Amino acid sequence: MFRISLLRAAGLAAAVALLSTVVLAQTSQVEGTVKLKEADGSTKLAAGVLIDIYRLDIKGHYDVKTDKNGHFVRLGLPVQGTYLFVFSGPGAMPTWMNNVRISQMPVVDTTLDPGDGRTLTLEEIQKQIAQQKTGGGGGGGAPAPKAVSPADKAKLEAAQKEMEANAKEGKELQASFDAAVKHFNEGVKLKAASNYEAALSEFEESTKLDPGKNKNFIEIGHRANAQVAETHYQIGADKFNKKDRDGAKPHFEQAVTSINKAIAVASTATEDPTVTADLITYYSILDKNAQILVENYNQANLVDATVKDLEKAEALDAANKNKWGVLKADLYRSGGRTDEAVAAYKKVLAADPNYADAIYGLGLSLIGSSERAQIQEGANALAEFLAKAPASDKRVPIVKSSLEELKNGLKIEAEKPAAPAKGRKKP
């Protein structure tokens with residue numbers, strides 16, 4: 001069997017800036033206790049009350065519910081904001097509190113009157129606020145929250161210890177979040193300065209935040225792991241290009257581990273409308289590291305799992321289905337699974353006969369065959385690639401060299417495509 005010895009690029013390309021380096025804003029928490037008046041005038045702790053928090057200075061919406069003790073803690077609110085708090089719950093009349101600054105008022109308590117349990121929309125509240133400003137009254141809206149009376153405070157004493165424990169836990173969570181954000185932002189700065197080792201240390205510290213403890217931890221959880229992966233890739237690429245293949249290998253392996261963690265965490269962010277774009281980026285990071293390990297370190301065991309992940313990416317990014325199809329085919333080819341590679345490339349070409357990456361990959365796969373007919377088909381594909389690729393494409397000299405080897409070694413030359421029938425234009 002005759003195999004063409006293909007030239008490899010001199011080194012790995014520098015890491016593509018796939019990740020946005022957004023510095024996370026300073027945030028804090030707000031907490032409080034909600035009670036509900038009974039028909040006899042007494043009050044009880046109100047569980048399951050929804051608190052909608054609208055940011056007024058810029059558009060923003062957050063929410064939280066009270067626990068069984070009527071207590072709530074909401075993390076991740078930008079410190080500088082001005083907020084409107086709306087309280088609604090079963091058997092209660094909705095009420096609201098306007099112009100809250102959590103930097104000045106980190107504890108927001110209120111008592112709800114009995115009611116039908118309806119929820120006020122933001123538009124309804126804005127209308128009531130406008131009517132109050134013009135002296136038109138509240139339009140039937142709920143009164144502003146009353147201050148907690150000494151009698152009410154006395155009734156809360158029994159639940160005070162548990163409430164304090166909840167508050168303490170909230171503060172600890174906030175402290176953990178703030179520390180993770182600080183490490184993340186420092187890592188971004190160090191990475192921008194090409195201080196990759198120090199940046200890696202900072203990003204690894206930020207991954208210690210447990211995204212399972214609070215949904216507000218999810219974003220930094222997946223972004224931190226993705227930054228760890230990209231930084232490992234950059235360190236590995238630098239070592240590989242300096243001929244330190246053994247030193248580069250563990251960095252590519254760790255990049256695969258870290259980006260898989262990022263994918264797992266991001267996949268839980270069902271309420272984040274931007275997470276799809278993040279996941280598409282993360283699957284690209286996974287692919288480039290897996291491709292390196294399969295092609296350069298013979299880790300063919302990565303092929304099947306990575307192909308399955310790329311199928312998920314393809315489902316998320318249907319507009320670029322052919323791109324993901326080629327990446328899957330490339331993995332098969334790098335892993336020595338020629339038949340599967342050929343089938344995958346041809347599937348892409350059935351959808352787009354002019355897809356240059358698929359033509360190139362198909363040609364490389366086929367010229368490694370032991371069958372002369374397949375080698376001829378591969379030579380034809382590579383010649384087609386040359387005809388369609390711009391001269392600046394770095395693969396052009398590789399293809400020319402391969403075709404020359406086929407001509408001299410096996411006496412196989414690319415066949416010219418059949419001329420179009422008379423009266424028909426070339427496609």
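A residue is called buried when its relative accessible area is under 20%, exposed when it is over 50%, and partly exposed in between (1.4 Å probe, protein chains only). By that rule, buried residues make up 45% of the 427 residues in the protein chain you have open.

Some ground rules before the tour. This is a predicted model, in which local features need pLDDT of at least 70 and side-chain atom pairs count only at pLDDT 80 or more, while totals for chains, interfaces and linings use all residues. Residues are numbered from 1 along each chain as its sequence is written, and side-chain values use heavy atoms, leaving out hydrogens and water.

**Stop 1: the whole chain**

Show the cartoon. The protein chain has 13 helices and 8 strands; these are DSSP runs numbered from the N terminus, with at least four residues for a helix (H or I) and at least two for a strand (E). Switch on the surface, and its accessible area comes to about 22300 Å², with 52% belonging to carbon and sulfur atoms (Shrake-Rupley method, 1.4 Å probe; for residues, only the protein chains shown count as cover).

**Stop 2: Tyr83**

Now select Tyr83, which sits in strand E6 (residues 83-88). Is Tyr83 buried or exposed? Tyr83 is buried, with a relative accessible area of 0%. Color its neighbors: Tyr83 touches, among others, Ile53, Tyr54, Leu77, Met97 and Asn99, not counting residues up to four places away in sequence. Touching, or contact, means heavy atoms within 4.5 Å. Try the distance tool too: Tyr83 and Ile58 are 25 residues apart in sequence and 9.6 Å apart in space, C-alpha to C-alpha.

From there, hop to Asn99 in strand E7 (residues 95-100). Its phi is near 55 degrees, a positive value in a residue other than glycine. Asn99 is exposed, at 53% relative accessible area.

**Stop 3: helices H5 and H6**

Select residues 218-241 for H5 and 245-266 for H6. Two packed helices are described by the angle between their axes and the distance between the axes. The axes of H5 and H6 come within 7 Å and cross at roughly 165 degrees. Axes here are lines fitted to C-alpha atoms, for helices over the stretch in contact, and angles run from 0 to 180 degrees between N-to-C directions. H5 and H6 are therefore roughly antiparallel (over 145 degrees; under 35 is roughly parallel, 65 to 115 roughly perpendicular and the rest oblique).

Look in the loop between H5 and H6 for Lys243. Lys243 is not a glycine, yet has a positive phi of about 70 degrees, and Lys243 is exposed, with a relative accessible area of 66%.

**Stop 4: Arg245**

Next, pick Arg245 in helix H6. At 36% relative accessibility, Arg245 counts as partly exposed. Which residues does Arg245 touch, not counting residues up to four places away in sequence? They are Phe240, Asn296 and Tyr297. Arg245 and Asn296 are 51 residues apart along the chain, and their C-alpha atoms are separated by 8.9 Å.

**Stop 5: helices H5 and H7**

Finally, add H7, residues 275-297. H5 and H7 pack at an angle of about 30 degrees, with their axes 11 Å apart, and are therefore roughly parallel to each other. To see the contact, show side chains including His222, Tyr233 and Phe240 of H5 and Tyr282, Ile285 and Asn296 of H7.
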